[in-house]
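Hi,

Here is the structure I said I'd send over. Have a look first, and my notes follow underneath.

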Protein chains: 2
Amino acid sequence: MQKASISESVIRRLPRYYRFLSQLEEAGIERTSSRELGVQLGLTASQIRQDLNCFGEFGQQGYGYNVSALRRQLELIIGLNKNRPAVIVGAGNLGKVIAANIDFGAYGFRLAGIFDIDRRICGSEIAGFTVQHMDTLEEFCNETEPLIAVLCIPQEAAQETADRLKDLGVKGFWNFSHCDLDADRSQVQVENVHLGDSLMTLSYRMPKDD
Amino acid sequence: MQKASISESVIRRLPRYYRFLSQLEEAGIERTSSRELGVQLGLTASQIRQDLNCFGEFGQQGYGYNVSALRRQLELIIGLNKNRPAVIVGAGNLGKVIAANIDFGAYGFRLAGIFDIDRRICGSEIAGFTVQHMDTLEEFCNETEPLIAVLCIPQEAAQETADRLKDLGVKGFWNFSHCDLDADRSQVQVENVHLGDSLMTLSYRMPKDD
DNA sequence: GTCTGTTTGTCAAGAAATTCACAAAGATTC
DNA sequence: GAATCTTTGTGAATTTCTTGACAAACAGAC
């Protein structure tokens, strides 16, 4: 499907393409072109063609791209059609919000369980799941084989927990802890989410008025 | 302070440098070097020196960098020492979590108010703030002059609300709506946070086992 | 105080990403 | 159905980003 190894820059743009095409499809628009997409997304038409061509030839000369077909292709490329089990580790404020508000199904996953170390939280219900204690993590993983883990735990516990989950077969980490996980990228994929970093870049870009 | 216009790539790395230096400082480590930082952060020493030199000469040959001094410099560069008013718009699940969990002070801002369109939510208290109705937004902005707004509202309302806030003098948007805001970057800065995009890149990087 | 070792700041080379440009192919018009 | 218009896919040019290399400067040892 893909021509060579895809650069990080391209990968980061794929979700935007997918989102925008979904919007077009919902709006009932049947066809589009790299020029049109470029204008809407603030990119050059050339870049969009270049990006898409990493994965195949989805357009037609003189016509452009069929919105639904291209959206579907991106869905397959990104893997959104799959249904891979995911586990949330850490049922504090953040864990709760993610459990309740992220539509894992829309991203090719399904939430399969929520865990926490605090026995006072265990047993309570979040998003239809009973919070389980970390002691039962091994059992759960052997049974359910989660492909990814969402880490919503304090910085101190993150690396250790990630290692433990890695040994249990988890292949991807969506990491909300305030640290960068250390991992051999050939074995495990890590997506760090640092809201603080994001806010800092905004802070940097604010007028300095010195 | 800065030598020329700073590239996006460099800006994105600054928060990581800052975070890591804060950790070193807390651990009581006094000095470090570009080589050491590079090993820890998974970057080349050359890149770190290049990045830092965009803003000045903070190191000393034969010695390296003083951790506290460099952290302090980055603090100033990013603007974390400031105290600029911020407003949260949208007091649903996400708005609540952000209000309660983001330490705005640590990023050079201070939370000054929370707004929502839903009168049933207005009047309730979140993180010490009484949720105000959007009708009173103009009054609030004239008084408090928030520099940034955190948008935690549905996609449909995002662009309109952003325009309204822009007219009220807001210069930056931390946008959690599921859309990319359209804005003249010379007047207004937008930092889009798309958790869905983040999860999609993880989905893409998962084994395909076809 | 001299000598050795380390590390910076910077320039240049190399690599990567983006944009340009255009032939080829098909759509659309008349 | 011929002529014109549009748009893709792609190789090359350009720009941007990253890495390599080294002189200059200082630290630390003796």
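Let's start at the DNA: a side-chain N or O atom of Ser34(B) sits 2.6 Å from a phosphate oxygen of DNA strand C. Bear in mind that this is a predicted model.

Chain A has polar contacts with that strand too. Gln61(A) puts a polar side-chain atom 2.6 Å from a sugar or linking oxygen of DNA strand C, while for Arg49(A) the partner is a base nitrogen, 3.2 Å from a polar atom of the side chain.

Zooming out, there are 29 residues around DNA strand C, and the ones that come nearest are Gln50(A), Gln61(A), Ser34(B), Arg49(B) and Gln61(B). Of the strand's atoms that come within 4 Å of the protein, 66% belong to sugar and phosphate. By class, the residues of this surface split into 18 polar, 7 charged and 4 nonpolar.

Which helix gives the most to the surface near DNA strand C? That's α3(A), with 4 residues. At least two residues each come from α1 and α3 of chain A, and from α2 and α3 of chain B.

α1(A) also has a packing partner within its own chain. Helix α1 (residues 8-26) and helix α4 (residues 67-78) of chain A pack at about 145 degrees, axes 9 Å apart, and their crossing is left-handed. On the α1(A) side the contact includes Leu14(A), Tyr18(A) and Leu21(A), and on the α4(A) side Leu70(A), Leu74(A) and Ile77(A) are among the residues met. That contact counts 11 nonpolar, 2 polar and 3 charged residues.

Cheers

Terms used:
Residues numbered from 1 in each chain as written. Chains lettered and ligands numbered in written order. Predicted model: local features only at pLDDT ≥ 70, side-chain atom pairs only at ≥ 80, totals over all residues. Heavy atoms only, no water. Axes fitted to C-alpha atoms, helices over the stretch in contact; angles between N-to-C directions. Left-handed = near helix turned anticlockwise from the far one by under 90°. Contact = heavy atoms within 4.5 Å. Nonpolar A, V, L, I, M, F, W, Y, C, P; charged D, E, K, R; others polar. Near = heavy atom within 4 Å. Polar contact = N/O pair within 3.5 Å; in protein donor to acceptor, adjacent residues only side chain to side chain.
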